[in-house]
Amino acid sequence: MALIVQKYGGSSVADAECVKRVAQRIVATRKAGNDVVVVVSAMGDTTDDLIDKAEQVSPLPPARELDMLLTAGERISMALLAMAIANLGHEARSFTGSQAGVITDGSHGKAKIIDVTPGRIRTALDEGSICIVAGFQGVSQGTKDITTLGRGGSDTTAVALAAALSADVCEIYSDVDGVFTADPRIVPAARKVPKISYEEMLEMAASGAKILHLRCVEYARRYNIPIHVRSSFSQKEGTWVVDSSELEGQDMEQAIISGVAHDRSEAKITVVGVPDKVGEAATIFTVLSDAEINIDMIVQNVSAASTGRTDISFTLPATDGQAALSALNKVKERIGFESLRYDDRIGKVSLIGAGMRSHPGVTAKLFAAIADAGVNIEMISTSEIRISVVVAQDDLDTAVAAAHRAFDLDSEQVEAVVYGGTGR
């Protein structure tokens, strides 16, 4: 007997028929002799609908009350799913995040999990019940208020519960059959990746691949929880996300590159004419840090000898663009820069693969492929297993397809099917 934690995304429980189909899948897992804990997201677009309602009532809803509202979506899903399972002759008990013991900090809208104390879940499992847990939510350790974990938080809830319960595997169900070498909507010939390391999956998630939430992969790596990414719409084997040690000794001819990720959600700010003095860059990024703005890529030009000034460009989430401009304009005189330029029509393309550590020429091959496609590169960033470039947003799809083709990632037949239309 194994303990399996399953997570179903919004598209998997989008309507009553979907809920009943998921219930049958859960019961089949239970009949196979496994203990089952299920984490569910809100149905379909429920969360977006609730946000719209909040904005109709208040242009700036209080964060505490917005969290209270948004957690209703998952509570609806968990109760309906428990009812559907009961209809199939099995006992299911639903739990909110707080009832399941998900303890967080007090940061509404983007809370971080501090601890998981799943006593009630363990008791219910011992009594033979299937446990259904509302994802994306917890309770603040300090204030005891309900909190939400931010977008994709149900993935994190599932892995955190799997770690706390010492589960054998955490299955993440969405509407695609696993992790692919690129987004099938852009590259129809993308291949499914059978196994991928936590390290590579982290880079893909951080680079814009939306199949798994970044914090979920970090949590899984920390506690060594195997993740099985698969579709709730088919019975196909998905993608296993595991420790890199489990990939050693596999086919030595496996691809150097695991995949190509992209991100349309970033913007670029250029601080023009920064005095080339010690500490100026530190001042700029301290201001942004104080405004709680995350920076991704940074490029500083060589200082012009005639002016003693330089330009510093960086990328950040487009949603933080105006806040960053406002924060920097407030210190313009203190820093002494000339002006700010803002561009939200950019896209990031990232090539990811542990194999590039030992294969020279990957960078040259990528740049040549993008150049041959007629796409100009604006910024470059690298890690040990990732190369990211910023291009104009209109050129993003072309660059992704060119990079995918250059590294022979295209499949001879179409493997990727997006069953629910959202990829989550």
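How many salt bridges does the structure hold? The structure, a predicted model, holds 20 salt bridges. Several of them are described below, after an account of the chain as a whole.

**Overall fold**

The chain contains 12 helices and 20 strands. For 424 residues, a compact globule would have a radius of gyration near 22 Å, and the chain, at 23 Å, agrees with that value. Along the principal axes, the C-alpha atoms fill a box of roughly 80 × 55 × 35 Å. Buried residues account for 51% of the 424 residues. The accessible surface of the chain is about 18900 Å², and carbon and sulfur atoms contribute 49% of this area. Of the contacts between residues at least 6 apart in sequence, 76% join residues at least 24 apart.

**Salt bridges**

The table gives three of the salt-bridge pairs, with the distance between N and O atoms.

| Residue 1 | Residue 2 | N to O distance |
|---|---|---|
| Asp183 | Arg185 | 2.9 Å |
| Arg357 | Glu199 | 2.6 Å |
| Glu338 | Arg309 | 3.7 Å |

The salt bridge between Arg357 and Glu199 links distant parts of the chain, 158 residues apart. Arg357 sits in the loop between β18 (346-352) and α11 (362-372), while Glu199 belongs to helix α6 (residues 198-206). Arg357 is partly exposed, with a relative accessible area of 41%. Glu199 is also partly exposed, at 28% relative accessibility.

In the salt bridge between Glu338 and Arg309, Glu338 is located in the loop between α10 (332-335) and β17 (339-343) and Arg309 in strand β16 (residues 309-317), so this pair ties together parts that are 29 residues apart in sequence. Glu338 has a relative accessible area of 44% and is therefore partly exposed. Arg309 is partly exposed as well, at 28%.

For the pair Asp183 and Arg185, the closest N and O atoms are 2.9 Å apart. Asp183 is partly exposed at 22% relative accessible area, and Arg185 is partly exposed at 42%. Elsewhere, a network of salt bridges links Arg64, Glu65 and Asp145.

**A buried threonine**

Is Thr147 buried or exposed? Its relative accessibility is 0%, so Thr147 counts as buried. Thr147 is part of strand β8 (residues 146-148). The side chain of Thr147 makes a polar contact of 2.7 Å with the side chain of Thr104. Leaving aside residues up to four places away in sequence, Thr147 touches a set of residues including Asp67, Thr71, Asp105, His108, Ala111, Phe136 and Val139.

**Ser383**

Ser383 lies in strand β19 (residues 379-383). At 27% relative accessibility, Ser383 is partly exposed. Which side chain makes a polar contact with the side chain of Ser383? The partner is Glu203, at 2.8 Å. The C-alpha atom of Ser383 is separated by 36 Å from that of Leu3, and the two residues are 380 residues apart along the chain.

**A nonpolar surface patch**

Ile76, Leu80 and Met83 form a nonpolar patch on the surface. Together these residues have about 270 Å² of accessible area. Ile76 is placed in helix α3 (residues 63-87). Ile76 has a relative accessible area of 44% and is therefore partly exposed; a residue in a patch needs over 30% relative accessible area.

Technical notes. Residues numbered from 1 in each chain as written. Predicted model: local features only at pLDDT ≥ 70, side-chain atom pairs only at ≥ 80, totals over all residues. Heavy atoms only, no water. Patch = residues over 30% accessible without salt bridge, like charges linked within 9 Å, V, L, I, M, F, W, Y side chains within 5 Å. Areas by Shrake-Rupley, 256 points an atom, 1.4 Å probe, with all protein chains shown as cover. Salt bridge = Lys/Arg side-chain N within 4 Å of Asp/Glu carboxyl O. Helix = DSSP H or I, 4+ residues; strand = E, 2+ residues; numbered from the N terminus. Buried < 20%, exposed > 50% of the residue type's maximum accessible area, 1.4 Å probe, protein only. Polar contact = N/O pair within 3.5 Å; in protein donor to acceptor, adjacent residues only side chain to side chain. Contact = heavy atoms within 4.5 Å. Rg over C-alpha atoms; globule rule 2.2 N^0.38 Å.
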